[in-house]
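Me: Hi! I have a chain open in my viewer and would like to go through it with you, one short puzzle at a time. Shall we take a look?

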Amino acid sequence: MSTEHSTVAAQAPVDNFENADHFFKFLGTPKFEELPNVPFSAKVSRSKFFENANSMSESIKEKYFKEPPSGLVVFKDTGNKVPRGHVTDTQCRPNITAAFKDDFSSNDTTFWPSIRMAGEWASKGSTPEAQEAEAISDLHDLLLARPDLYVAQGMLASEDSMMFLVGIGGFGIRRLNMRWDDEGLSKLLYAFIYRTYDPGHFADLSYKLDPIVDEDDPPHRLTWTITIGVKSREVGGATPERLVPCPNFLPLYASSPFGTRTHVFAANGEGVDVDGEKLTVLKDQVCRIHSRFDEHEILELVHKSKRVPGVVEAVYHKSIKLPSQLDDLDVERVKHRYGLRQLGRPFASIPNVKEMLKVAFDIVEVLRFLRTERNILHRDISIGNVLYAPPSEDKQDPDTSTQDYEDLFFSDYFLSDSPRRPHTTSVLLVDFNHAEHLTSKTEGHHERVERTGTAVFMARAVELGKPVAIPKFKGYQFLSPIPSAPNKYAQKCPNTRLKKFPEKPKEVFTKAENSAPSPWRHELDHDVESVFWLMLYWAMTAQPKDMPAERIAGEEAEGTIHSTFEPLNDLFQQLAEILSSIDRHWLHASETRNNPEYFAEAFQRLILQFLIEHGDHSFMNHRIGPNPRKPERDNVDVPRSSTTNQISHASSQAKRASNTDEQSGSKRRRTTQEPQTDRNSEN
C-alpha cells in the first residue's frame, strides 16, 4: 500500500451501513419491482463482473433513460491507466472506472470529472486493509474532481464479495460488504448503477461541466459553469433570488474531501459582475453547522469601515444546506459559497529571496493590524493561506490603496526611494475559516477551538494547547532582545511603536519576574511564529535556477537551505532567538516582551534591516527554479508548488495583464486561490 493511500484512508472516517435496506434507502432509487436476470455465483471472476455490470447498465438505460436519449454508462477495467484532468494532478489510477461510453478515449481513459464511479478489483497479495485504502483513495480523488457531487460512488470487488462504498463530502466513508451469492446483492448493484446515470440527491445542480475542447491536447483545462443565487431588491415584502451563471471557471484547488471540503475556482477571463462588484473567484467549503464564526462574518468585520489592503474581499456569500437525505447520518455540515474579488499565487512561487522577505514583513503587518485594529486573529497561517499578489497584477480598486490608515505600513514604503503609498503590498491573506473575532460571541454556548492551524506551520504552544514550559536548564532561561529599529523604519513609522518597544539587550529570566499567569489562549504572537515556519519552508525548498541541485539536510543544520542563499542563515538565527525567549505567558504584565505584538515588532525590524543591508546582493534577486529541492531521504516527497491548472491559469492571467497594460496602462484589481503546499516560480 502506498504512503498516499494509507494517509488518505487514515484521515477518512469510515462507518458501516446498518444493513442492505439502510443502504437502499440511502440510494433513494425506484424500488425496481422487476429486475433483469443477472445471476451471481458464490465466486465471480474479474471479467464476469464487468460483463454483468455492463449488462445491468444496458438494462437500466433501456428501461429508465431511453427518453430523452442519454449515453450508455459502461464499466471498464482500466488497469494502470491514469485518468486525465484532475485538479490536483494526482496519479491515482482506479482499475474499475464507470463513465458514459462517449467519455472514454480510444485507449480507455477518461477525464476525472467525467467519472461516474471509481473503484478497485482487490489485488492478490495485498492485505484487506491495503485493498480498502486503495478504494477509499479513489473516492477521495473523485470527490476532489467532482465538486458537483455531494456523494461519490466507489467499490471494492473481489472473487468472493462486493464492498459498496460511498464518499460523503465533509463527512466520510460509508460501506456495505456483501458476498456475491447474497440474494439482495443484485438489487443493490442495480440501484447503485442507476445512480451513476441519475445522481439525484447526490448532485449539486448548480454545477455544470463545460464542453471539453481539444481533449487530446494537454494541458486539459476543464472548466465549470457555476450558477449562483443572488438576492434581488425586496418586492412586496419578499426578496426574490435571481440566478447568475458564472461560466468558464477553472478549478485551481481542492482539498479535504472528508473534512472542510474545499473547492476554489478562478474565472478564465474578467470574472462576473455581481451587484456592481467583480467576482473573479468562487470558493465552496463545507463547515460545521455550529462553528463560532464563518469566513463571511469575519471578512465583513475586517472590511466593515474601509477595505484593508492585503486581505481578500468577499463580494458574495450563500449558505447551502446539504441534501435532506443525509440528515439521518448526522452530518451536521453546511456548505458556504463565497465569491471573492482577488486572486493570488502560491507563497512558494515567490520568485526570489527579496520578494519572499517583503511578503513576510507585510503579512506580519497585516496580522498585526487585524489584531490591534479589528480584534481579529487569523489562526491558520500556512503556505496555502498567504498568497503572492505583486502590484503589477494589482486589480484592487484605486481607493483601496489611497485610504488613510494610521497604523498600516508595508515594506515598499520603507525600502523605496520614490514616494510610494504606504499601503502598496504583494501579500494577500485568504481563508479565514478558523479566524476569531475576540470581542464577540464570547458566551459559553459558543464553542471555542484553541488548537487550529496547519500542523507543519503551527506555533509550538498552539500545537501543545498550552504555553511552552520554562526550560529546566538555566542557560536557556532568557528574555530575547528587542532589536533596534532601522533608521528608515524609525523615520517613517509612528512613534508609538518605537516607544512601546524600546531597544533592549538579551536578559536573564528570573522567577521574580513571573506572576500569576492568566489562562492561555491563541494570540498574535502564535500567528507570527507561524510566519517563521512559513519563511523557513520557502527557504528550505527553494532551488535557485541554473545552480547545482543540493538536497535538504536531515538532522544537520548545515544544508537546511541551498548554499546560494547561505546569508539567510543569519536572519533565521536572529528570528529563532526571538522565538526562543521565555514564553510570554510566564512574564509579568509590566514586561515589554509580554505584549502580543513583541514578536511582530522584532520580526519586522530584523527582516527590514536584512532587506536594507542585503537588498542589492545577487542572492537576494536570484530566481527560483520550477522544482523544489529534494530531501536527503528519498522516501520523503516535497510536492510541486503548483498544479497544471494553476500554472496554466497564471500564464493566461499574465498575458492578459500584459495586453491590458499595453493598451491602457491602468491599474488592475489583484486577481484568490488556496494553493497547494508546494512551489513553482511561474504560477
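Reply: Happy to, and please keep in mind that this is a predicted model. A good place to begin is Arg 307, which counts as buried because its relative accessibility is 17%, and the cut-off for buried is under 20%.

Me: Where is Arg 307 placed, and with which side chain does the side chain of Arg 307 make a polar contact?

Reply: Arg 307 is found in the loop between H6 and strand E15 (314–321). From there its side chain makes a polar contact of 3.0 Å with another side chain, that of Glu 313.

Me: Is Glu 295 buried or exposed?

Reply: Glu 295 belongs to helix H6 (residues 295–303). Its relative accessibility is 1%, and anything under 20% falls in one class. Glu 295 therefore counts as buried.

Me: Which residues does Glu 295 touch, not counting those up to four places away in sequence?

Reply: Sequence neighbours up to four places away are set aside here. What remains for Glu 295 is a list with both charged and aromatic names on it: Lys 283, Gln 285, Tyr 338, Asp 431, Phe 432 and Asn 433.

Me: Let's turn to rings. Are the planes of Phe 49 and Trp 180 stacked, edge-to-face or tilted?

Reply: By the ring-pair rule the count comes to 31 aromatic pairs. In this one, the ring centres of Phe 49 and Trp 180 are 6.1 Å apart and the planes meet at 50 degrees. Stacked needs under 30 degrees and edge-to-face over 60, so the pair of Phe 49 and Trp 180 is tilted.

Me: How many residues apart are Phe 49 and Trp 180?

Reply: Phe 49 sits in helix H3 (residues 46–64), while Trp 180 is in the loop between strand E7 (172–179) and helix H5 (185–197). Both residues are buried. The pair links distant parts of the chain, and the separation is 131 residues.

Me: Which parts does the pair of Phe 65 and Tyr 194 tie together?

Reply: The rings of Phe 65 and Tyr 194 have centres 5.2 Å apart and planes at 45 degrees, so this pair is tilted. Both residues are buried. They are 129 residues apart in sequence, so the pair ties together the loop between H3 and strand E2 (73–77), home of Phe 65, and helix H5, home of Tyr 194.

Me: Which residues do ring pairs link into a cluster?

Reply: Phe 65 and Tyr 194 are both members. The full cluster linked by ring pairs is Phe 24, Phe 32, Tyr 64, Phe 65, Phe 100, Tyr 190, Tyr 194 and Tyr 197.

Me: Which residue lies over the face of Phe 24?

Reply: Phe 24 is one of the buried residues of helix H2 (residues 20–27), along with His 22, Phe 23, Phe 26 and Leu 27. The buried residues of H2 pack against strand E5 (151–157), strand E6 (161–168), E7 and H5. Over the face of Phe 24, at 4.6 Å from the ring centre, lies Lys 187.

Me: What about the ends of H2: which residue takes a positive phi just after H2?

Reply: At the start of H2, a side-chain oxygen of Asn 19 comes within 3.2 Å of the backbone nitrogen of Asp 21. Just after H2, a positive phi of about 65 degrees is taken by Gly 28.

Me: Why is strand E3 largely enclosed, and how many of its residues are buried?

Reply: Strand E3 (residues 96–100) pairs with E2 in the antiparallel sense over five bridges, with Val 73 opposite Phe 100. E3 and E4 also run antiparallel, joined by three bridges; Ala 98 has Met 117 in E4 as its bridge partner. E3 is largely enclosed by the rest of the structure because the buried count is five of the five residues.

Me: Last one: what share of the protein chain counts as buried?

Reply: The protein chain has 17 helices and 22 strands. Its accessible surface comes to about 29,400 Å², with 48% belonging to carbon and sulfur atoms. Of its 683 residues, the share that counts as buried is 57%.

How values were computed: Residues numbered from 1 in each chain as written. Predicted model: local features only at pLDDT ≥ 70, side-chain atom pairs only at ≥ 80, totals over all residues. Heavy atoms only, no water. Phe/Tyr/Trp six-rings, centres within 6.5 Å; stacked < 30°, edge-to-face > 60°. Helix = DSSP H or I, 4+ residues; strand = E, 2+ residues; numbered from the N terminus. Buried < 20%, exposed > 50% of the residue type's maximum accessible area, 1.4 Å probe, protein only. Lys NZ or Arg CZ within 6 Å of the ring centre and 35° of its normal. Contact = heavy atoms within 4.5 Å. Areas by Shrake-Rupley, 256 points an atom, 1.4 Å probe, with all protein chains shown as cover. Pairing = 2+ DSSP bridges. Polar contact = N/O pair within 3.5 Å; in protein donor to acceptor, adjacent residues only side chain to side chain.
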